[in-house]
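Trainee: Please choose one part of this model and take me through it closely, beginning with how its strands are paired and moving on to the space and the packing around them.

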Amino acid sequence: MKLITLQSKNTTYQIGITDTGFLLHLYYGVRINCDMSGTIAYYERGMSGVPYDLRGDNTFSCDVLPQEYPCFGNGDYRSPAFCLRTEEGVYGSDLRYREHHIKKGKYQIPGLPAAYGGEDSVTCEIVLEDSNTKVIVILRYGVFYEEDVMTRSVEVRNSGDMPVFLNKVLTSTLDFVTGEYELIHFHGRHMMERILEKRPVLHSKQCIESRRGTSSHQQNPFVILAEKGTRENEGLCYGMSLVYSGNFLVEAEMDQFDQVRFQMGLSPEMLDYKLEAGDRFHAPEALMSCTTRGFTGLSHTFHNFIRRHICRGKYKDIPRPVLINNWEATYFDFTGEKIIQIAGQAAELGIEMLVLDDGWFGERNSDTAGLGDWYANHKKLGCTLGELSERIHQTGLKFGLWIEPEMVNEDSSLYRMHPDWVFKIPGKMPVLGRNQLVLDFSRKEVVDYIFENISRIIDSADIEYIKMDMNRSISDVYSAVSKRQNYGSIMYHYVLGVYDFLERMVQRYPGLLIEGCSSGGGRFDTGMLYYTPQIWCSDNTDAVERVWIQEGTSYGYPISAVSSHVSAVPNHQTGRSVNLYTRGIVAMAGNLGYELDLTILTKEEKEMVKTQIRDYKKYWHLIHKGDYYRVDSPLKGGEYGAWSFVAKDKSEALLSVVCIQARANRPVYYAKCPGLDLDKLYYCVQTDTAYSGAALKYVGVPVPILNEEYYALQYFFWSLENKEEFEV
Ligand code: DGJ
């Protein structure tokens, strides 16, 4: 058997090519230096299918052997990654190896986001062919040696002379011949996104998926497969993240011989993608990593990787402005004067940017009208957008604006002008979501029009930031002019249209900070992070519930991706009142912002906001560049949630603790701070005590019991060697 072995610093990926051209998945895991073909067991499996050219040898069945890219129709009855149909309705293919190439540098994918790397990354390309249809499948692997990340993507080329239909093209499959595994995924709902759930992988196919047109609040395209018993800080686990913002599928399946298949990619539901002779199709990229350092190790890998190889632009590595957003302060009910007042107050407190949220354009005074009409409402603002921006800049603040480019209200000039630009099935009344319809972004002229109109707005005023929102799940998928009249291909091209819009924004406005948003965190994925280095994490701004949401998010996404605001109390989503100090501690575990009417804060509250901003800036390098540790989770049902940030050189750490439920006469809670040098001494100003890294890892700091709900504490530790360097 010929081998292809991809090595990163601590992991190995190995593929075997059999004499008859089958690709066997030999290994992905902790780094090894040997030929793994000896781990493949060939047994007489007479009742499983045998390829015709191997007839007589019942020890070779694709149904049993670990497949690198399982296709439907070659005798493998487990869930396939690839399924092809011909015009006559014939399903089935038999992909065999033709050649492979290894090149320096990382491949890119036309029209789709993908990790980027320099000369230190490597691309491996394996070409497979189905000799019957002449369909070529190119499997691409990107190897990031230092980061321990392997990426995968798939290209399908129709080199035959008849069209074919793609019904399933997943991106990555991992077949495990042995081991007991658990699937960890992040489910949720609007205002409660990314809550961890764990389940054993048993004898059936378990799916994590979205069919909403976005990656969704309900499921997330970052998942973990962990060896049974894996814990936060130790154990073998695999992470996969799909660099895609639309419908996706994750499958975990245990087969008849207790082997496990774990795969991810574009959702095949209703996919029937017509690939004309000569055409190409690109599946989105998946990021994969593997570690024995438990969930923390996996999170650190994904955090570092996303920060370095997915996020782009001016704000990739520098602090982003602390902002005030007017949404929860005013909702749709504001005037230009009110916005200026908020900006003036914000400037006094040290806030750096004002973001004008929904309601500044067209006849948009509620969510029933105006979407799609991208011209400023001068009557409501009392001036032009340019003038408003100028006045905001005069207060010393930058200016940012909310948009929702993919949507339209029926009550809008755009819809009256172009009623055929929306997804709407002829003869059927469309499903509305938040009173709006979805523009057909699979059509270039629609994207062109929206891009021109939004650009006109950005060019008309000094705008440094855009919040790009998307507030409904997609339905009634039918494109009035496109030749692609089926759901699967239109949905794919819709997502490509969104990426096209975003790429044009990024190219035309390199200094612009774009924040992603989809009713909060309904499109929180690595696809969006390629264009928008931060995403509004949730419409739930309640500090206690944010501890849950931000913790779940942290498994697959860096803190620098999270946008988090201090809002008013009682909280608008839960009615809970959490003190301002705690709200600040929770919001600074992300990109800190404010979303309340600052003009009505008390003098003491204003002082506290100033201190929060000062602290956030003081700790920014730790929060955004350090290693994040989940110390205690609300999921455990305890009284405290805790997390910490540790400098990469282990010289400092910041530990935050929030009491999430007050209980009488409770035991003392010891907040641990792992990740520091075990033998070094660290001084903590809040307790005026020095602790060794080992004491902080294994025992922790005793947290005072306060007779108060939702109190929070923050502990800053720094290595005594650096004591003089730090200003308290
Ligand atoms: C949903 C977002 O998540 C909110 O923050 C806000 O921007 C509203 N949309 C505005 O309509």
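Mentor: A definition has to come before the detail: two strands count as paired if DSSP finds at least two bridges between them. The model is a predicted one, and the part I have chosen is strand β30 with its surroundings. Strand β30 covers residues 627-632, and its partner, strand β31, covers residues 640-646. The two run antiparallel and are joined over five bridges, which means that the pair meets the criterion of at least two. Within this ladder D627 of β30 faces V646 of β31, and these two positions give you a place to begin when you trace the pairing in the structure.

Burial is the next thing to consider. Six of the six residues of β30 are buried, and the strand is mostly covered. Buried here means under 20% relative accessible area, so D627, although its side chain is charged, falls under that cut-off along with the rest of the strand.

The same pair of strands also takes part in enclosing a space. Six cavities of 30 Å³ or more are found in the structure, and the largest holds about 100 Å³. Of the 13 residues lining that largest cavity, V547, Q550, E551, Y628 and W643 are the closest to its centre. Y628 belongs to β30 and W643 to β31, while V547, Q550 and E551 lie in α10, which spans 543-554. Two or more lining residues come from each of α10, β30 and β31, and α10 contributes the most, with four. By class the lining is made up of eight nonpolar, one polar and four charged residues, a composition worth keeping in mind when you look at the cavity walls.

It remains to place β30 relative to the nonpolar packing of the whole model. The largest nonpolar core has 198 residues, of which F82, W360 and F501 touch the most other members. Helix α8, residues 487-508, gives the most to this core, with 12 residues. Apart from that core lies another, of 22 residues, and among its members are Y629, V631, L655 and C673. Y629 and V631 fall within the 627-632 span of β30, so the strand contributes to this other core, whereas its residue Y628 is one of those closest to the centre of the largest cavity.

Conventions
Residues numbered from 1 in each chain as written. Predicted model: local features only at pLDDT ≥ 70, side-chain atom pairs only at ≥ 80, totals over all residues. Heavy atoms only, no water. Buried < 20%, exposed > 50% of the residue type's maximum accessible area, 1.4 Å probe, protein only. Core = buried A, V, L, I, M, F, W, Y, C linked by side-chain atoms within 4.5 Å. 1 Å grid on protein atoms, 1.4 Å probe; cavity = no way out; pocket = protein on both sides within 12 Å on 5 of 7 lines; lining within 4 Å. Points joined across faces, edges and corners; volume = space filled by probe spheres on them.
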